[in-house]
Amino acid sequence: MAQEAVAANGTGGRTKPHAVVIPFPLQGHVIPAVHLALRLAVRGFAVTFVNTESVHQQTAAALGLGVDRDRYDIFAGAGVDVRYELVSDGFPLGFDRSLNHDQYMEGVLHVLPVHVEELLRRVVVDPASTCLLADTFFVSPATLARKLGVPCVSFWTQPALSFALYHHMDLLAKHGHFRCKGALPLVLIFLLLSVYKYTMRSTCNAHKCHPKKQTITRCNM
């Protein structure tokens with residue numbers, strides 16, 4: 001399957017550009033990434049879309065009892081070159097990720113990247129024609145991109161207003177708009193670390209760019 005994703009197909013023997021789309025494992029982040037994957041495929045990319053098994057199961061379950069969850073493919077019938085791949089987030093499918101949110105976030109930071117790396121080493125067969133398109137909230141793909149020798153693009157799935165709020169959280173607290181006593185909740189710490197570590201350091205190191213010139217791609221779906 002990996003070889004097929006970057007094989008010459010109607011391109012006169014040339015290798016198709018291969019985009020690996022990696023959304024953050026929450027359904028609200030997956031939907032914009034799906035739209036991006038489809039748009040890239042329509043424009044001639046071979047796309048590998050990486051989803052977690054837990055989000056996959058949630059999506060399939062939402063479609064009703066008649067859906068075979070094990071065989072369900074988000075892109076089935078789309079008529080475009082998108083390969084749908086699943087990885088474990090490190091927790092059993094029966095684990096309550098909402099009830100154990102902080103533990104789940106720790107797993108996303110430290111365990112999920114290991115499974116993503118295993119997948120990438122299988123599907124990235126031609127680094128020269130491959131790039132990673134990763135959700136800005138997902139910290140690790142830029143580091144994985146350096147290991148594999150491929151470029152990595154940060155894809156912001158939320159409105160620009162949300163980014164501005166995260167970016168200026170210190171000012172919101174300073175001027176009393178964000179009235180949080182004591183330490184920030186772990187979820188906010190995680191979000192802030194994800195945005196800053198990924199966009200201002202990891203991606204810039206991968207491309208040797210200047211932080212002020214870093215570009216974040218946002219989806220206007």
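## A walk through the cores, a helix and a pocket

Start inside. The largest nonpolar core holds 28 residues, and Val20, Ile22, Val116, Leu120 and Leu132 touch the most other members. Six elements give two or more residues to this core: strand E1 (18-22), helix H4 (101-110), helix H5 (112-123), strand E4 (130-135), helix H6 (141-148) and strand E5 (152-156). The largest share, five residues, comes from H5. The model is a predicted one.

Take Leu120 as a viewpoint. Setting aside neighbours within four places in sequence, Leu120 is in contact with Val20, Ile22, Leu132, Leu144 and Leu148. A second core, separate from this one, has 18 residues. Ala19, Phe75, Leu133 and Phe155 are among them. Such clusters fit a general pattern: in soluble globular proteins, nonpolar side chains tend to be buried together.

Now step back to the whole chain. The protein chain has nine helices and six strands. It runs to 221 residues, and 45% of them count as buried. Consider contacts between residues at least 6 apart in sequence: 68% of these join residues at least 24 apart. On the outside, the protein chain exposes about 11,600 Å². Carbon and sulfur atoms supply 56% of that area.

Next, look at helix H3, residues 53-62. Its buried residues are Ser54, Val55, His56, Gln57, Thr59 and Ala60. What do the buried residues of H3 pack against? They pack against helix H2 (27-42), strand E2 (46-52) and strand E3 (82-87). After H3 comes Gly64, with a positive phi near 115°.

H3 also helps to line a pocket. The second largest pocket has a volume of about 160 Å³. It is lined by 13 residues, and the closest to its centre are Leu26, Gln58, Arg97, Ser98 and Tyr104. H3 and H4 are the elements that give two or more residues to this lining. The largest share, three residues, comes from H3.

End with a lysine. Lys16 is found in the loop between helix H1 (2-5) and E1. Is Lys16 buried or exposed? The cut-off for buried is under 20% relative accessible area. Lys16 has 9% relative accessibility, so it counts as buried. The side chain of Lys16 has a partner: a polar contact of 3.0 Å joins it to the side chain of Asp81.

How values were computed:
Residues are numbered from 1 along each chain as its sequence is written. This is a predicted model: local features need pLDDT of at least 70, side-chain atom pairs count only at pLDDT 80 or more; totals for chains, interfaces and linings use all residues. Side-chain values use heavy atoms; hydrogens and water are left out. A nonpolar core is a set of buried Ala, Val, Leu, Ile, Met, Phe, Trp, Tyr and Cys residues joined through side-chain atoms within 4.5 Å. Buried means under 20% relative accessible area, exposed over 50%, partly exposed in between (1.4 Å probe, protein chains only). Helices (H or I, at least four residues) and strands (E, at least two) are DSSP runs, numbered from the N terminus. Contact means heavy atoms within 4.5 Å. A polar contact is a pair of N or O atoms within 3.5 Å; within protein, one must be able to donate a hydrogen and the other to accept it, and residues adjacent in sequence count only if both atoms are side-chain atoms. Accessible areas come from the Shrake-Rupley method with a 1.4 Å probe; for residues, only the protein chains shown count as cover. On a 1 Å grid over the protein atoms alone, a cavity is a set of points where a 1.4 Å probe fits but cannot get out, and a pocket is an open set with protein on both sides within 12 Å along at least five of seven lines; lining residues have an atom within 4 Å of a point. Grid points are joined across faces, edges and corners, and a volume is the space filled by probe spheres set on the points.
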